[in-house]
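Here's a walk through one protein model, written for someone who'd rather be at the bench. Have the structure open while you read.

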Amino acid sequence: MEVKRRTARNLVSKLSSVSEQTRTDALCELRLISKHDPDSRPLIADAGAVPYLSETLYGSSPTIQENASATLLNISISSRASLMSTRGFLDALSHALSHSPSPTVVQSCAATLHSLLIAEDTYRPIIGSKRDILYTLLSIITDNNAPPRSIKDALKALFGVALFPLNRASLVGLGAVPALVSLIVRDARTGIVEDATAVLAQIAGCEESEEAMRKAGGVRVLGDLLDEGTGASERIRENAVAALLNLARCGGEKGRKQVKEMGAKVIEGITDLTKNGSAKGKTKAAELLKIVVDGYGNQSEVRDFRFNTSSDFMNHSI
């Protein structure tokens with residue numbers, strides 16, 4: 001372990017070199033070490049790498065940015081506190097998200113945010129208060145030219161933000177609902193629609209979502225996903241149920257009315273999930289069915305969702 005510690009200190013010391021080639025070589029090595037050797041990640045952080053890596057995200061070289069952002073992502077898997085305690089770290093991520101020409105950098109930064117948000121609930125209000133980050137994540141999912149990987153990573157980060165209830169109104173205010181509804185309508189890729197509906201289900205769990213859902217036609221889109229003729233995956237349909245259920249619970253009388261009217265049109269799809277869905281999906285579908293049929297149901301409980309792949313994603317290093 002002492003050898004690894006000395007190696008980390010030596011490489012980090014090179015990050016302040018006046019030679020760009022020396023800095024680049026050190027970054028490449030740090031990226032590889034942090035990817036293949038989990039034990040090295042806290043050692044690299046303890047050696048003081050995070051401030052240098054954060055500052056590097058403001059650079060103009062895509063290659064250097066890629067190595068720095070990838071190293072930060074790898075460190076975030078096991079040394080999250082060292083990132084969040086570094087002054088200017090989130091600002092650097094925000095800058096790279098919005099200004100880097102490299103999709104790889106954007107993806108690494110969004111994935112780092114997801115890593116932090118999923119693992120530590122105390123980070124959610126902090127990151128959620130960074131409106132520039134939220135705005136950029138939403139810009140990524142509305143960009144028709146964004147790579148699918150960038151969209152998925154942005155959606156996962158947005159999902160983590162929406163896990164904190166007070167962040168949901170902020171997302172609504174920034175236009176998250178129409179952005180997500182539009183993405184669901186225009187994108188036929190199952191994985192992206194699954195992730196987008198999961199985020200929408202979370203955001204529906206706030207009072208402010210009712211008007212936004214109504215204006216964006218969100219209830220109709222969710223109802224279409226529950227129509228057995230659309231061939232939506234089980235996860236998409238369960239996410240749609242969760243979104244409608246949260247809207248009925250949090251959207252007041254108007255939200256509840258919208259959900260009841262739409263639910264009556266797709267009652268067969270909801271009923272099918274009560275029989276053939278996952279354990280959680282069956283419970284949510286049964287609760288939604290109660291609201292649709294007789295207007296009853298537990299209105300006080302708004303459940304959080306989780307990505308099925310979150311554990312795999314958390315262990316991903318690049």
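What follows goes from the overall picture to a few helices and single residues.

## How far to trust it

First things first: this is a predicted model. The average pLDDT for the protein is 92, and 92% of the residues score at least 70. The stretch to watch is residues 306–315, where the pLDDT is below 50. That stretch still has 24 contacts in the model beyond near neighbours in sequence. Where pLDDT is low, though, the predicted coordinates should not be read in detail.

## Two domains

The protein splits into domain 1, residues 1–94, and domain 2, residues 156–296. Going by C-alpha atoms, the centres of the two domains are 40 Å apart.

## Two loop residues, S102 and K130

Start with S102, which sits in the loop between helix 7 (89–99) and helix 8 (103–119). Is S102 buried or exposed? S102 is buried, because its relative accessible area is 5% and the cut-off for buried is under 20%. Leaving out residues up to four places away in sequence, S102 touches P62 and E66.

K130 is another loop residue, placed between helix 9 (124–128) and helix 10 (131–141). With a relative accessible area of 25%, K130 counts as partly exposed. Which residues does K130 touch, once those up to four places away in sequence are set aside? They are L90 and D91. K130 and S94 are 36 residues apart along the chain, yet 8.7 Å separates their C-alpha atoms.

## The annotated repeat

UniProt, in an unreviewed entry, lists residues 175–218 as "repeat: ARM". In the model, that segment is 77% helix and 0% strand. The C-alpha atoms at its two ends are 13 Å apart.

Now look at V193, which is part of helix 14. V193 has a relative accessibility of 7%, so it counts as buried. Skipping neighbours within four places in sequence, V193 is in contact with I184, D187 and I236. V193 and V181 are twelve residues apart along the chain, with 9.6 Å between their C-alpha atoms.

## Helix 15 and its surroundings

Helix 15 covers residues 209–216, and its buried residues are S209, E210, A212 and M213. An α-helix has 3.6 residues a turn, so residues three or four places apart point the same way. What do the buried residues of helix 15 pack against? Their partners are helix 12 (165–173), helix 13 (176–186), helix 14 (190–203), helix 16, helix 17 and helix 18 (252–265).

Right after helix 15 comes G217, which has a positive phi near 70°.

## Helix 16 against helix 17

Two packed helices are described by the angle between their axes and the distance between the axes. For helix 16 (residues 218–226) and helix 17 (residues 234–250), the angle is about 140° and the axes are 9 Å apart. Helix 16 passes helix 17 in a left-handed crossing. On the helix 16 side, the contact is made by V219, L222, L225 and L226. Helix 17 brings I236, R237, A240, V241, A243, L244 and L247 to that contact.

Helix 17 is also home to N246. Where does N246 stand, buried or exposed? N246 is buried, because its relative accessible area is 3%, against a cut-off of under 20%. N246 and L200 lie 46 residues apart in sequence, and their C-alpha atoms are 9.9 Å apart in space.

Conventions
Residues are numbered from 1 along each chain as its sequence is written. This is a predicted model: local features need pLDDT of at least 70, side-chain atom pairs count only at pLDDT 80 or more; totals for chains, interfaces and linings use all residues. Side-chain values use heavy atoms; hydrogens and water are left out. Helices (H or I, at least four residues) and strands (E, at least two) are DSSP runs, numbered from the N terminus. Buried means under 20% relative accessible area, exposed over 50%, partly exposed in between (1.4 Å probe, protein chains only). Contact means heavy atoms within 4.5 Å. pLDDT is the predictor's confidence in each residue, from 0 to 100. Domain bounds come from an automatic or database domain assignment. UniProt positions are given in the numbering used here, feature names are shortened, and annotations may be inferred rather than shown by experiment. Axes are lines fitted to C-alpha atoms, for helices over the stretch in contact, and angles run from 0 to 180 degrees between N-to-C directions. A crossing is left-handed if the near helix is turned anticlockwise from the far one by less than a right angle, and right-handed if clockwise.
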